[in-house]
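Student: Please take me through one part of this model in detail. I would like a close look at the largest pocket.

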Amino acid sequence: MAPIHFYDLKLDKDEHWSPNPAKTRFALNVKGIPYDTTFLSFFEIHKQIPEITKTGERPTVPVINDNGKVIQDSWKIAQYLDEKYPEPSLFHGNPGLHQFFLNWSFTNIGRHTFLLLILDLYERLPKDIQPWFRETREQFLGVTLEEAAKDQAGHIANMKTGLESVEAVLADNDYITGPKIGFADIVLMGVLQMLQATRAEVFQKEVLDSFKNINAWWGRVEKYTKDKPPTA
């Protein structure tokens, strides 16, 4: 059987950075499922994804093509993978708990991290995509990118407030929802990998150096954040 084909988002080069596609990449890595990757720019997504999905839904990534079965959206992909490739499980019999963490973490960690990095991401985009990115993000946020990003200390403080809750959980658990890695871990891994890829010094100082339990957890999960499943 051919490997799953996975569509990821390109910034300025072919490397994974975006937390939404990262959820799918890391889920595939945790399950040890072979896959190939196509990196698409924002403009390429709008042109190519509708031709791949043929659903009429808004063109986004991640998308996977599993030998003709096309799935879009990281949560739907995780559900599909856990049904078709049940071991190791992503949800451990409780998908609602992981879905709750998906939503909670965006509000309490992911949003603040994105605002912290939004100008860095903008500046790394190809010049022809920057005006579109600025227009769409400013329309969504209701302020300029500069205004959204200016309170860097505040964004870091808010991000760390959210991480304090995770730190407390990891004091008694190897992973966010218990003794085994699951989708909740993958969600946070995606956000932190974006921070690491964009502002490595902030990731080190404000996350790894500030939270000993998260630091230890990252040591356990980092092998799943690579370009392919770990070999051991």
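Tutor: The largest pocket has a volume of about 1400 Å³. A pocket here is an open set of points on a 1 Å grid over the protein atoms alone, where a 1.4 Å probe fits, with protein on both sides within 12 Å along at least five of seven lines. Its volume is the space filled by probe spheres set on those points. The model is predicted: local features need pLDDT of at least 70, side-chain atom pairs count only at pLDDT 80 or more, and totals for chains, interfaces and linings use all residues. Numbering starts from 1 along each chain as its sequence is written, and side-chain values use heavy atoms, without hydrogens and water.

The lining has 40 residues, each with an atom within 4 Å of a point. Closest to the centre are Ser-18, Asn-20, Arg-58, Phe-106 and Arg-137. By class, 22 lining residues are nonpolar, 11 polar and seven charged. Charged means Asp, Glu, Lys and Arg; Gly counts as polar.

Helix α4 gives the largest share, 10 residues. Helices are DSSP runs (H or I, at least four residues). Among others supplying at least two residues are α1 (19-31) and α8 (183-198).

Domain 1 (4-84) and domain 2 (95-224) both contribute to the lining, so the pocket lies between them. These bounds come from an automatic or database assignment. In contact (heavy atoms within 4.5 Å) are 20 residues of domain 1 and 24 of domain 2. Leu-11, Phe-42 and Trp-75 supply 31% of the area that domain 1 buries against domain 2. Buried area is the accessible area (1.4 Å probe) lost when two parts are put together, summed over both.
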